[in-house]
Amino acid sequence: MQEGFRFAAIDVGSNAMRLFFCRVLENGEGPTFIKESMIRMPLRLGHDAFTENKISDETCEKFVNTLYGFSSLIQAYEPISFKACATEAMRQATNGLDLVKRVKEETGISLNIITGKEEAKIIISTHIDRYVQADQYCLYVDVGGGSTELTILKNKNIIFSKSFSIGSVRLLENQVSKSDWKLMKDWIIEKTTSIDNIQSIGSGGNINKILTLLKKSKGKSVTIKEIKSVIKIIKPYSFHDRIVKLELRPDRADVIVHAGKIYSKCMKWSGAYNMIVPQVGLADGMISQLYAEFVK
């Protein structure tokens, strides 16, 4: 049996950090991506970045220590190559670039702070278009802790793409204004008003969890009504009971209701009846890019 090619990716999000190990097997029908391990560190950079515009000294220490640990694990895994990307929290933090420099010096990891459009492009490289029929327009919605990336696709091509400063952690911290919502609403309506039967695809840890709570499998779809029904069940519970009774992780328990609101609004404004949830994210996209670069 072919051993395959090993790759690794680090996704530094606003709500958590992830280290992803993936093996790629080649066969006559194309590559098969096998997820070998996902290590998630619930370090919420967005709390500091969105309220103080700076990552605190204490959080910086935890951040560097986490990446030092990730570095050791990557050395043990021995991937062909790996990539590390940071998103909205690091984009906003005034000391983000200084922290990138420190990470390089202390851990050897080259951390790239990517733009919202770059973030969307990386995730789209996971071939999410296979969930959409040919010639059908698709609104891709990626909700993170600090931002929401919206992309309109057709036939594997990006037609429009925009990043909005609306995310689950920002909402939790009351850092989203009415004008922020209006900007997103106006953009979606403007870009989709002439499109009939638009399909939506959603990514992000919260929509993945909503799909799981609905007892649906990867690649299935959810309706606005289903998203709202899950949120309606979760919302009355206290933070403690969401963890104990609903078995949500602490860093998911306090933001999932906010994320659900973003997904349902995007669907409503675009006229999308349902949202396909392929359960892929930024780390998956980085692996796809690393493999593509390797086989060139």
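Visitor: Why is valine 295 called partly exposed?
Guide: Its relative accessible area is 42%, and partly exposed is the class between buried (under 20%) and exposed (over 50%), with a 1.4 Å probe and protein chains only as cover. So valine 295 belongs to the middle class. This is a predicted model, in which local features need pLDDT of at least 70 and side-chain atom pairs count only at pLDDT 80 or more, while totals for chains, interfaces and linings use all residues. Residues are numbered from 1 along each chain as its sequence is written, and side-chain values use heavy atoms, leaving out hydrogens and water.

Visitor: Which element holds valine 295, and what patch does the residue help to form?
Guide: Valine 295 lies in helix H13; helices (H or I, at least four residues) and strands (E, at least two) are DSSP runs numbered from the N terminus. Together with Ile80 and Phe294, Val295 forms a nonpolar surface patch of about 240 Å² accessible area, a Shrake-Rupley value with a 1.4 Å probe.

Visitor: What makes Ile80, Phe294 and Val295 a patch?
Guide: Patch residues have over 30% relative accessible area and no salt bridge, and nonpolar side chains (Val, Leu, Ile, Met, Phe, Trp, Tyr) are joined within 5 Å. A salt bridge would be a Lys or Arg side-chain nitrogen within 4 Å of an Asp or Glu carboxyl oxygen. At 42%, valine 295 passes the area condition.

Visitor: How do you know where lysine 215 and glutamate 58 stand, buried or exposed?
Guide: Lysine 215 has 78% relative accessibility, so it counts as exposed. Glutamate 58 reaches 55%, so it also counts as exposed. Lysine 215 sits in the loop between H8 and strand E10 (221-223), whereas glutamate 58 is in helix H2 (residues 57-77). From glutamate 58 to methionine 38 is 25 Å in space, C-alpha to C-alpha, across 20 residues of sequence.

Visitor: What is notable about phi of lysine 215 and of glutamine 279?
Guide: Lysine 215 has a positive phi of about 60° although it is not a glycine. Glutamine 279, again not a glycine, has a positive phi near 55°. Glutamine 279 is placed in the loop between strand E11 (274-276) and H13, and its 22% relative accessibility makes it partly exposed.

Visitor: What volume does the largest pocket have, and what makes it a pocket?
Guide: The largest pocket holds about 780 Å³ of space. Of its 38 lining residues, Arg18, Gly204, Gly205, Asn208 and Arg252 are the closest to the centre. A pocket is an open set of points on a 1 Å grid where a 1.4 Å probe fits, with protein on both sides within 12 Å along at least five of seven lines, and lining residues have an atom within 4 Å of a point. H8 gives the most to this lining, five residues.

Visitor: How does the lining of the largest pocket divide by class?
Guide: The lining has nine nonpolar, 17 polar and twelve charged residues. Asp, Glu, Lys and Arg count as charged, Ala, Val, Leu, Ile, Met, Phe, Trp, Tyr, Cys and Pro as nonpolar, and the others as polar, so Gly204 and Gly205 are polar.

Visitor: And what about the second largest pocket?
Guide: Its volume is about 290 Å³. Among its 13 lining residues, Val257, Gly260, Lys261, Ser264 and Lys265 lie nearest the centre. H12 supplies the largest share, eight residues. By class, this lining has four nonpolar, three polar and six charged residues.

Key
Grid points are joined across faces, edges and corners, and a volume is the space filled by probe spheres set on the points. Patches are made of residues with over 30% relative accessible area and no salt bridge: like charges are joined within 9 Å, nonpolar side chains (Val, Leu, Ile, Met, Phe, Trp, Tyr) within 5 Å.
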